[in-house]
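Student: Please guide me closely through one part of this model, and then set that part in its surroundings. I am new to the structure and would be grateful for each term to be explained as it arises.

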Amino acid sequence: MKIIGIHSKENKLIKLALRKDRIAQKKLFDQFAPKMLGVCRSYVKDVHHAEDLMISGFLKVFTQLDSYKNQGSFEGWIRTIMIRTCISYLRKKNQIDYSDNTEVTDLQIVHNLENSGEKELQSLIDALPAGYKMVFNLFVIEGYSHAEIAKQLNITESTSKSQLFKARKMLQTNYNERNEFLYGDQ
């Protein structure tokens, strides 16, 4: 019964937001903004840029709300808009590079390990080259197939697969190097 009640409440908010009801729009924003900031942050290293992209994404959500057809989850629909907004931003900034370069130039990982866990993992992911990071996020975090990633990023499936392989390898290497630096040989 609670699931139906929550879904029904969300549908009412969506209908009100379609009528440009600012209170309903704010409620939807407040409900989904924390998760969507996390989505944007997983693609864009700088939290301020991620916030800007999230705001741009929500502007698209509210201007394109009439295209939501109640098929699938509303959160998933918003998430797709956020991902596309981030990809578009990175394309415009020419920050997506699908190269064979496996050298990591961002070694701030070692210096920023005050907290372990989620922040540590995010810093390791942030150190990946943009192409590796994009494919890694789309495949591992978002659950896209290589075919979907290839279509969305305008690359081949084999490029997507190789970028994922290299990303995983680089993450493992960086993780091992960080642990060796912090804890020495054990």
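Tutor: An axis here is a line fitted to C-alpha atoms, for a helix over the stretch in contact, and an angle runs from 0 to 180 degrees between N-to-C directions. The model is predicted, so local features need a pLDDT of at least 70 and side-chain atom pairs count only at pLDDT 80 or more, whereas totals for chains, interfaces and linings use all residues. Residues are numbered from 1 along each chain as its sequence is written, and side-chain values use heavy atoms, with hydrogens and water left out.

The part chosen is the pair formed by helix α6 (residues 130-141) and helix α7 (residues 146-153), whose axes come within 10 Å and cross at roughly 135 degrees. Helices (H or I, at least four residues) and strands (E, at least two) are DSSP runs, numbered from the N terminus. At this angle α6 and α7 are therefore oblique to each other; angles under 35 degrees count as roughly parallel, over 145 as roughly antiparallel, 65 to 115 as roughly perpendicular, and the rest as oblique. The crossing of α6 and α7 is right-handed. From α6, Met134, Val135, Leu138 and Phe139 make the contact, and from α7, His146, Ile149 and Leu153 do so; contact means heavy atoms within 4.5 Å. By class, these residues comprise 6 nonpolar, 1 polar and no charged. Nonpolar covers Ala, Val, Leu, Ile, Met, Phe, Trp, Tyr, Cys and Pro, charged covers Asp, Glu, Lys and Arg, and the others, Gly among them, are polar. A crossing is right-handed if the near helix is turned clockwise from the far one by less than a right angle, and left-handed if anticlockwise.

Between α6 and α7 runs a loop, and Tyr144 has its place there. Tyr144 counts as buried, at 16% relative accessibility; buried means under 20% relative accessible area, exposed over 50%, and partly exposed in between (1.4 Å probe, protein chains only). Apart from residues up to four places away in sequence, Tyr144 touches Thr80, Ile83, Leu138, Phe139, Ile149 and Gln152. Among these partners, Leu138 and Phe139 of α6 and Ile149 of α7 also take part in the contact between the two helices.

One partner of Tyr144, Ile83, leads to helix α4, where that residue has its place. Ile83 is buried, at 1% relative accessibility. Neighbours within four places in sequence aside, Ile83 is in contact with Val39, Tyr43, Leu138, Glu142, Tyr144 and Gln152. The C-alpha atoms of Ile83 and Leu53 lie 9.5 Å apart, with their positions 30 residues apart in sequence.

Helix α4 (residues 74-92) packs in turn with helix α3 (residues 47-63), at an angle of about 125 degrees and with the axes 9 Å apart. These helices, α3 and α4, are therefore also oblique to each other, and their crossing is right-handed. On the α3 side the contact is made by His49, Leu53, Met54, Ser56, Gly57, Phe58, Lys60 and Val61, and on the α4 side by Trp77, Ile78, Ile81, Met82, Thr85, Cys86 and Tyr89. Its classes are 10 nonpolar, 4 polar and 1 charged residues. Thr85, in helix α4, is buried with a relative accessible area of 4%. Beyond its neighbours within four places in sequence, Thr85 is in contact with Leu53, Ser56, Gly57 and Lys60. Val47, in helix α3, is partly exposed at 37% relative accessibility, and its C-alpha lies 8.5 Å from that of Leu37, 10 residues away in sequence.

Beyond the C-terminal end of α7, Asn154 lies in the loop between α7 and α8 (157-183). Asn154 is exposed, with a relative accessible area of 70%, and has a positive phi of about 60 degrees although it is not a glycine. Most residues other than glycine have a negative phi. Lys20, in the loop between α1 (2-18) and α2 (22-43), likewise has a positive phi, near 65 degrees.

As for the whole, the protein has 8 helices and 0 strands. Of its 186 residues, 41% count as buried. Among contacts with a separation of 6 or more, 67% join residues 24 or more positions apart.
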